[in-house]
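Trainee: Please take one part of this model and go through it with me slowly, explaining each term when you come to it.

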Amino acid sequence: MTQDRSTRNDNTGDAPCSAEHPGAAPSASPGAARPFLAWLADQRTQDGILLLGDARPFFHDEAAYTAHHGEDPAPLDAGQGLAALLRATGADMSAPALEIGCGFGYLSLGLAVDNPFPLLLLTDTSPGFLRILGDRLNAHGVAWQAGDDAQATPGMRAPGMSAPDMSAPDMSCTRIPVPDMSGPGAVRLGILSGDAMQEIPDASLSCIAMRATLHHVADVDAFLAQAARVLRPGGHLVFEEPCREALLLMGVLVAQMPELAAARGVEVTPRQLELVDLFRRMVEFYCRQDIDKSTAEDKHLFHPVEIAARCRAHGFDTAVYANTTLASLKYLHGESPLPPTFFHDTTRAYIGEVCRMPELVPLFDATIAASCAYIDACSRGGRGPHYISVFDARRG
């Protein structure tokens, strides 16, 4: 595990050993949850959704995006992996937790089903994603609606619960007191962005969780300052993020595809040339920090050392689990073991599946596959170029 050790002087940055760690969190306390619950009680709701900020549709159609990315054979693993990490590091989970950028619920579902907090608030700016997540929670019998019809009983669905129609033009907004949620396991959905946390009470949360969300936040330092403010001392900001190192290497290699193809007598179609240029410009846009990205959906790529340094500047002590996912932490004691073809396989899948450029995969095989294999050979015995990592930032 790669770790920023500049301030942490105990063993909480060590790799998780088990969900039964002797330093597991204390049971939920009504007093710890009170400041956050009092704030929620004054918020408006719309059909069970808390209105904590401005709604904004996702850049892509939410249903199509979920259909493409949401077919997970183990849909609870990421959330349960995050809970295992917190338990293993002795985190205090007696106050509420907030997920920012929940999307269709890749991380949310496992957290909601195995909820270690007195209240788990799952948020996104997209009403479409919240509708999809509400349906998924319903399917797992998890109550989530704010209002008198949804009590805080963990694992139980309120009678007649249905997903909210946030798009209905005649839907009125009402201010409904949030019921007492001091018992463990309550789940709520809300509209909120990482750029709009100013109203959350100081030191009111045990955890902020995110998966592939930080690179959507326009002002990262302002977000980290707000996260430090709303977390209790010792609270955890845990997030999984793609990393610049591996994607910058991918950009360099993909940009060389046409030249390598010409040297080897491989035909390149006009469409492939177009996609190569698009991929190159995409990586450059994400990596650069000197241009305005306010109107873009995806904005940044970070190096793990940069993330740790920026977290440290806001009072966080950060452990980095390199080339590891939250889902893997459900089963493993720390960083995921890497297959010998990790970079090759990751690059090929990123081009063809994540970026939806399957036309480039044959060109990849004919031109840069050997270069990726060389990077894998150089990485043996180590972690390889950082492609995706889990960051556990604990507030001092």
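Mentor: What follows starts from a single residue and moves outward to its surroundings.

This is a predicted model, in which local features need pLDDT of at least 70 and side-chain atom pairs count only at pLDDT 80 or more, whereas totals for chains, interfaces and linings use all residues. Residues are numbered from 1 along each chain as its sequence is written, and side-chain values use heavy atoms, with hydrogens and water left out.

Let us begin with Met-210, which lies in strand E8, residues 205-211. Here helices (H or I, at least four residues) and strands (E, at least two) are DSSP runs, numbered from the N terminus. Met-210 has a relative accessible area of 0% and is therefore buried; buried means under 20% relative accessible area, exposed means over 50%, and partly exposed lies in between, with a 1.4 Å probe and protein chains only. Leaving aside residues up to four places away in sequence, Met-210 touches Ile-100, Leu-107, Phe-223, Leu-237, Val-238, Phe-239, Glu-240 and Leu-326, where contact means heavy atoms within 4.5 Å. The C-alpha atoms of Met-210 and Phe-391 are 9.9 Å apart in space, although the two residues are 181 residues apart in sequence.

Two of those neighbours lead us to the nonpolar core. In the largest such core, which has 38 residues, Ile-200, Ile-208, Phe-223 and Leu-237 touch the most other members; a nonpolar core is a set of buried Ala, Val, Leu, Ile, Met, Phe, Trp, Tyr and Cys residues joined through side-chain atoms within 4.5 Å. Helix H6, residues 220-230, gives the most to this core, with six residues. Leu-237, again not counting residues up to four places away in sequence, touches ten residues' worth of surroundings that include Ile-208, Met-210, Phe-223, Phe-316 and Phe-391. A second, separate core of 35 residues includes Leu-51, Leu-76, Ala-91 and Leu-120. In soluble globular proteins, nonpolar side chains tend to be buried together.

Next to Met-210 in the numbering we find a charged residue. The side chains of Arg-211 and Glu-240 meet in a salt bridge, at 3.3 Å from N to O, a salt bridge being a side-chain nitrogen of Lys or Arg within 4 Å of a carboxyl oxygen of Asp or Glu. Because Arg-211 lies in strand E8 and Glu-240 in strand E9, residues 231-242, the pair ties together parts that are 29 residues apart in sequence. Arg-211 is partly exposed, with a relative accessible area of 27%, whereas Glu-240 is buried, with a relative accessible area of 3%. The structure holds 18 salt bridges, and another of them joins Glu-306 to Arg-244, whose closest N and O atoms are 3.0 Å apart. Since Glu-306 lies in helix H10 (residues 304-313) and Arg-244 in helix H7 (residues 244-255), this pair ties together parts that are 62 residues apart in sequence. Both Glu-306 and Arg-244 are buried.

The helix that holds Glu-306 also leads back to strand E9. In H10, the residues Pro-304, Glu-306, Ile-307, Ala-308 and Cys-311 are buried, and the buried residues of H10 pack against H6, E9, H7, E10 and strand E11 (388-395). Just after H10, Gly-315 takes a positive phi of about 90°.

From Arg-244 we can follow H7 to another helix. The axes of H7 and helix H11, residues 342-354, come within 11 Å and cross at roughly 70°; axes are lines fitted to C-alpha atoms, for helices over the stretch in contact, and angles run from 0 to 180 degrees between N-to-C directions. That makes H7 roughly perpendicular to H11, given that angles under 35 degrees count as roughly parallel, over 145 as roughly antiparallel, 65 to 115 as roughly perpendicular and the rest as oblique. In this contact, Ala-246, Leu-247, Leu-249, Met-250, Leu-253 and Val-254 in H7 meet Phe-343, Thr-346, Thr-347, Tyr-350 and Ile-351 in H11.

Finally, we return to the loop that precedes our strand. Ala-203, in the loop between strand E7 (186-191) and E8, has a positive phi of about 45° although it is not a glycine. Ala-203 is partly exposed, with a relative accessible area of 34%.
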